[in-house]
Amino acid sequence: MTTRTNPALDTPCGKYFTFRDFIECGETQRNLGTPNQPQQAETFNALRDLATYMIDPIVERFGMVELTFGLCSSALGAKIPGRIAPKLDQHASFEVNRLGNRICERDGAAVDFILENGNMFEVSQWILRNLAFDRLYFYGPDRPIHVSYSSAPCRQVTVMKESERTGRRIPRTYVDRDFAKLETSPI
């Protein structure tokens, strides 16, 4: 029987980042030092695909990005109640909960990022036209965007607009071609 070992965290994950960059980029993880290392080999593969097929082309087109939220283990997710949707957003990738069940049933991995002094609406439009993404969450032209990659991309774009009345973010999902028709940011 062959035992698989996971790569070291400082191993390159794509051309521009390491696995550690995707694992330790969240504010909560940095501030609390919550353990967040992947336990599943499939998670490392998914992070490598995310870096290779999403982040590398974005960096090559727009310049270096800042990763703002990457992998979210169940331990880290417990420290961020109410602000994430672990069963939906692919930040947990292939990780499992304490019962051994996958946290997110959707394959792939996700990362949030921002481009300093960049218009994230323009970046979102470029991703839409050039990359085989799975999900893209757009929060505004000056806010980080969420992008995920899987082997079966559904190309769903969701705009997360803040309600003036409640302050909560309300999702509006677009078919990719309808979002591509927008000439200005919907937020």
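Two residues are in contact when heavy atoms lie within 4.5 Å. The exercises below concern a predicted model.

**Exercise 1.** Determine whether phenylalanine 17 is buried or exposed, and which residues it contacts beyond its neighbours within four places in sequence.

*Solution.* Begin with the position: phenylalanine 17 belongs to the segment before α1 (19–23). Next, consider accessibility. Buried means under 20% relative accessible area; phenylalanine 17 has 10% and therefore counts as buried. Finally, list the contacts. With neighbours within four places in sequence left aside, phenylalanine 17 touches Pro12, Phe22, Ile55, Val59, Met64, Val65 and Leu67.

**Exercise 2.** State in which order the strands of the open sheet are arranged, and which strands form its edges.

*Solution.* The open sheet consists of six strands, arranged β1-β2-β4-β3-β5-β6, with mixed pairing. At the edges are β1 (66–69) and β6 (169–175), each of which pairs on one side only. On average, and with direction ignored, neighbouring strands of this sheet are turned by 30 degrees against each other. One pairing may be examined further: β3 (residues 135–138) and β4 (residues 145–149) run antiparallel and are joined by two bridges. Within this pairing, leucine 136 has valine 147 in β4 as its bridge partner.

**Exercise 3.** Establish how many disulfides the structure contains, and whether cysteine 25 and cysteine 154 are buried or partly exposed.

*Solution.* A disulfide requires two cysteine sulfur atoms within 2.5 Å. A search of the whole structure yields zero disulfides. For cysteine 25, the nearest cysteine sulfur belongs to cysteine 72 and is 10 Å away. As to accessibility, cysteine 25 is buried because its relative accessible area is 6%. Cysteine 154, at 40%, is partly exposed.

How values were computed. Residues are numbered from 1 along each chain as its sequence is written. This is a predicted model: local features need pLDDT of at least 70, side-chain atom pairs count only at pLDDT 80 or more; totals for chains, interfaces and linings use all residues. Side-chain values use heavy atoms; hydrogens and water are left out. Two strands pair if DSSP finds at least two bridges between them. Helices (H or I, at least four residues) and strands (E, at least two) are DSSP runs, numbered from the N terminus. Axes are lines fitted to C-alpha atoms, for helices over the stretch in contact, and angles run from 0 to 180 degrees between N-to-C directions. Buried means under 20% relative accessible area, exposed over 50%, partly exposed in between (1.4 Å probe, protein chains only).
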